[in-house]
Amino acid sequence: MKKAFITGVAGQDGSYLSEYLLKKGYEVHGLVRRNSVPENQSSRLDFINKNFHTHYGDLLDEGGLNKLISELMPDEIYNLAAQSHVRISFDIPQFTAKTNAIGVLNMLEAFRLNAPNARFYQASSSEMFGISVDSDGFQRETTPFIPVSPYGCAKVFGFNISNNYKKAYNLHIVNGILFNHESPRRGSNFVTNKVVKTAVEIKMGLRKRLELGNMDSYRDWGHSKDYVRAMHMILNNDKPDNYVVATGKTFSVREMVEYVFGKLNLDFNKYVFQNPKYLRPEELPYLKGDSSKLRNNFDWKPEYTFETMLDEMIVFWNNELG
Ligand code: GDD
């Protein structure tokens, strides 16, 4: 039985990846940051079975990471934990840099010193591209990084240090450069789930308005379930390499809002307002990923479309709030 260790297991991707690996027969261990509201730690983990175990810890606690990895001796390590909210990274830049940059280094050291025969997946992000776009309108593995947020800058360090460790110590380390990916399990302060949840609340008469920041940015939105499959494929290839994971389609926040409200037979112009508190000091205006490298090397393509992903979220919130 293969053993996987996942940091950020209580998050959207951690929970879907755990389910995926458990179905494949893995024993899964997850790192959970202690929180005074226990439901916040376990709400996405209700599939728990006998092969699933959680451990308290933190990417900034090197001693704890060393102890856990030396005790568990996992075959696969997925480093998904992060301060994952881009706008909030402007509010807490030092914490974001410590977790998303030094936290990666702490994990790499714990892996290198205790379980160097394991395989290591680093959760890299399209936010690393920032304002950089190739002339054909896509971002791909060769596109330079010009990050525009503390979050993006810290993720670039995580990407660079993991590549450095791969070469310097001849370790099996891969990066998935994932574009935005959503699901009903997405935190409700990320734009898709915020829009879907609030639109359903408006439809039910529970709310009167939705306040957003910039509606003119474009994102390449996929589904988390499709993307965790890609993580596993990338890590299990014998040649460690880095891959963009994306749908190749881009929509503006406004188009996404229009689709969601339209599905609920609501005119979004009547309900949606801008609140400057949701604007970012610097915005990443446009993302569209070219995942040809992944698609040419593996049998991967997304099962969800932009529309089916949002439809699933609408059904989820209708059931949850209904
Ligand atoms: N969160 C949020 N809230 N975003 C808003 C809002 C709002 O009220 N109004 C407009 N937006 C815009 C943001 O300015 C951004 O352009 C876009 O909606 C998407 O914002 P998020 O859903 O917060 O995602 P993100 O693109 O900043 O970051 C996500 O994707 C990255 C991959 O590129 C996160 O999941 C990151 O962790 C991930 O790395």
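Let's walk through two spots in this structure, the ligand site and a pocket. Keep in mind that you're looking at a predicted model.

Start with the ligand. There are 24 residues around it, and the ones that come nearest are Ser 126, Tyr 151, Ser 217, Arg 280 and Glu 283. If you sort the surrounding shell by class, you get 9 nonpolar, 9 polar and 6 charged residues. Both domain 1 (3–181 + 223–245) and domain 2 (188–219 + 249–287 + 304–321) supply at least three residues each to this shell.

Now zoom in on some individual atoms. Arg 280 has a polar side-chain atom 2.5 Å from an oxygen atom of the ligand. Ser 84 uses its backbone instead: one of its backbone N or O atoms sits 2.7 Å from a ligand oxygen atom. At Asn 189, a polar backbone atom is 2.9 Å from a nitrogen atom of the ligand. How much of the ligand's accessible area does the protein cover? Of the 720 Å² that the ligand has on its own, 96% is covered.

Next, move to the second largest pocket, which holds about 270 Å³ of space. Its lining includes Ser 43, Arg 44 and Asp 46, along with Arg 185, Arg 186 and Trp 317. Helix α11 (residues 306–321) gives the largest share of that lining, with 3 residues. By class, the lining splits into 5 charged, 4 polar and 3 nonpolar residues.

So where does this pocket lie relative to the two domains? Domain 1 and domain 2 both give residues to the lining, so the pocket lies between them.

Technical notes. Residues are numbered from 1 along each chain as its sequence is written. This is a predicted model: local features need pLDDT of at least 70, side-chain atom pairs count only at pLDDT 80 or more; totals for chains, interfaces and linings use all residues. Side-chain values use heavy atoms; hydrogens and water are left out. A residue is near a molecule or strand if one of its heavy atoms lies within 4 Å of it. A polar contact is a pair of N or O atoms within 3.5 Å; within protein, one must be able to donate a hydrogen and the other to accept it, and residues adjacent in sequence count only if both atoms are side-chain atoms. Accessible areas come from the Shrake-Rupley method with a 1.4 Å probe; for residues, only the protein chains shown count as cover. Ala, Val, Leu, Ile, Met, Phe, Trp, Tyr, Cys and Pro count as nonpolar, Asp, Glu, Lys and Arg as charged, and the others, Gly among them, as polar. Domain bounds come from an automatic or database domain assignment. On a 1 Å grid over the protein atoms alone, a cavity is a set of points where a 1.4 Å probe fits but cannot get out, and a pocket is an open set with protein on both sides within 12 Å along at least five of seven lines; lining residues have an atom within 4 Å of a point. Grid points are joined across faces, edges and corners, and a volume is the space filled by probe spheres set on the points. Helices (H or I, at least four residues) and strands (E, at least two) are DSSP runs, numbered from the N terminus.
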